[in-house]
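Here is a short, friendly tour to read with the structure open beside you. Take a look at the fold before moving on to the notes.

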Amino acid sequence: MPGTRCKSGDPAIHIAVVGHTNTGKTSLIRTLTRDEGFGNIDESAGTTRYVEKSTIFAGDVAVINLFDTPGFEDSSALLLALEELSKTVEARLPADLLRAFIAQADDFPDFEQEIKVLRQSINSDVLLYIIDVREPLLGKYRDEVEILSMAGKPILPVFNFIAGNTEALTRWREQMTQFNLHAALNFDTVAFDFEAEKRLYQKLQSQLEARYDELQSLIDYRQEVWKNLNHAAVRRIFQLLTEVACYRREVAVSSGITDADIASMQDFVRSAEQRALRDLLTIFAFTQTDVDLQKLPVHNGRWQLDIFSPHMLHDFGLSAGATALKGAAAGAGIDLMVGGLSLGAATLLGAAVGAGWATLRRYQQELKAAWRGHKWLCVDDNTVSLLYLRQRNLLHTLTQRGHAAQSKLQLTNDVGHALPEQWDKVIKVLRQNPEWQNYSTTDAEYQKLQNLVMDWLLSEDGDD
Ligand SMILES: Nc1nc2c(ncn2[C@@H]2O[C@H](COP(=O)(O)OP(=O)(O)OP(=O)(O)O)[C@@H](O)[C@H]2O)c(=O)[nH]1
Ligand SMILES: [Mg+2]
């Protein structure tokens, strides 16, 4: 179904993002377009001074043009001015009155900002009316709605700042219904939540029936992109786990493990986790503002809590009761192993004439080390488990799958701490294959393991 065309011939759907000042209009556009460079955002009122356009594409097709507008300040005075004007001009439709008002803009310098909003509203297909639900229900909002409805365009109220404000949200919803605005939307603008985004497009479909198919193609496209982002993220987490679980440092048994050995291993883990954190934030286009607003315990691109801090085990519930970790020394930081075998077993294996070539080849490195009187220093199970849990929680925060996260705003509490049932096997297999550390392997066993862990991470409840 071909869409209607606006006067300029631009086939995209024109949406004016309007509302009281400081309600999150510019933030919403940034979130929807993933463009952190768009406009200016500030906690003070009156930040946006000009109408600015941003486009949402499905592939290379421009589907929506979003127009950011300055916020309304004194809508009651504006309504009075319009009422005054209506006494002197002939206006067949309310929109004609707005046009007359715009045409006389010079006479109304106090409404310079509002006139920009009115002009854009008349030239758009639909208005997104952004509401900060924390605001008390005052007459000025009734006036805003009345003025905006004069443009004769569908209005879709979007409730912002909803996290932790359920009662206020209910009151605002009721209020909008009284204004005859029945379709409305909850949208915490800072949260990159595909489901909320999808609901927005679906509501637009019901408001703009003639544009249904274009909006559907956008929904389908965004769905695919979202799936790919999630896959990229969980693959990245698995890479981190591989990197760390496969880490080995050969140490001479005679000199023992030095503090320098341990420090070097710890630095390796920290920097691997930091790179993964950076990549995940990039994948979901999380800016420093988003990090702050979501209260992620991240500072300067690093976790505030060090992975080797004893608090980590406690915070992630690993100190006791986690079945996969029974018998492991909490916070030990390292253990010694030879490809999952004890040193003695590996030496025996080397000596056993009956051991097959494949087995010998597999443990070549370990055997050589054993014969040289060396051991491997690895990262212990607890640390690998902590990495998994922390990344899994991060993923859920970034994708907003756990909506509880918005009210609790605590990274470590929003999803369970339980490790998947097969978790210890995953660590064991990774450890036995140090050659996977460069994770470019096409090895079938690696792929299988990767798919398993990716499925865990992508599963809804996050703990199995
Ligand atoms: N916590 C929280 N803060 C938000 C949210 N949306 C916006 N903000 C913050 O609210 C403030 C105002 O956001 P803007 O996007 O500049 O609001 P605006 O409606 O464009 O403001 P004007 O252009 O001045 O009318 C900023 O400090 C944002 O970071 C939200 O969903 N949650
Ligand atoms: Mg703004």
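In which sense do E1 and E4 pair, and over how many bridges? The two strands pair in the parallel sense, and 5 bridges link E1 with E4. Please keep in mind that this is a predicted model. The points below go from the strands to the cores, then to a tryptophan and the ligand.

**Strand E1 and its partners**
- Strand E1 covers residues 13-19, and 6 of these 7 residues are buried, so the strand is largely enclosed by the rest of the structure.
- E1 also runs parallel to strand E3 (residues 61-68), joined to it by 5 bridges.
- If you want a residue pair to locate on the E3 side, Ile13 has Ile64 as its bridge partner.
- On the E4 side, look for Ile15, which stands opposite Val126.

**The nonpolar cores**
- The largest nonpolar core is made up of 53 residues, and Ile15, Val17, Leu127, Leu128, Tyr129 and Val158 are those with the most contacts inside it.
- Strand E4 (residues 126-132) is the element that gives the most to this core, contributing 6 residues.
- A second core, separate from that one, has 46 residues, among them Met265, Ala272, Cys378 and Val379.
- Back in the largest core, Val17 is a good residue to click on: leaving out residues up to four places away in sequence, Val17 touches Lys25, Leu28, Ile29, Leu66, Phe67, Asp68, Thr69, Leu128 and Ile130.

**Trp172**
- Trp172 sits in helix H6, which spans residues 166-178.
- Is Trp172 buried or exposed? Trp172 counts as buried because 22 other C-beta atoms lie within 10 Å, and the cut-off for buried is 20 or more.
- Beyond its neighbours within four places in sequence, Trp172 is in contact with Ile131, Val133, Leu137 and Phe159.
- Trp172 and Arg134 are 38 residues apart along the chain, and their C-alpha atoms are separated by 9.4 Å.

**Around ligand 1**
- Ligand 1 is surrounded by 22 residues, of which Gly24, Thr26, Ser27, Thr48 and Gly71 are the closest.
- Two elements give two or more residues to this shell: helix H1 (25-33) and helix H10 (288-293).
- H1 gives the most to the shell, with 3 residues.
- What classes of residue make up the shell around ligand 1? The shell has 13 polar, 5 nonpolar and 4 charged residues.

Conventions:
Residues are numbered from 1 along each chain as its sequence is written. Chains are lettered from A and ligands numbered from 1 in the order in which they are written. This is a predicted model: local features need pLDDT of at least 70, side-chain atom pairs count only at pLDDT 80 or more; totals for chains, interfaces and linings use all residues. A nonpolar core is a set of buried Ala, Val, Leu, Ile, Met, Phe, Trp, Tyr and Cys residues joined through C-beta atoms within 7 Å. A residue is buried if 20 or more other C-beta atoms lie within 10 Å of its own, exposed if 12 or fewer, and partly exposed in between; C-beta atoms are placed from the backbone. Helices (H or I, at least four residues) and strands (E, at least two) are DSSP runs, numbered from the N terminus. Two residues are in contact if their C-beta atoms, placed from the backbone, lie within 7 Å. A residue is near a molecule or strand if its C-beta atom, placed from the backbone, lies within 6 Å of it. Ala, Val, Leu, Ile, Met, Phe, Trp, Tyr, Cys and Pro count as nonpolar, Asp, Glu, Lys and Arg as charged, and the others, Gly among them, as polar. Two strands pair if DSSP finds at least two bridges between them.
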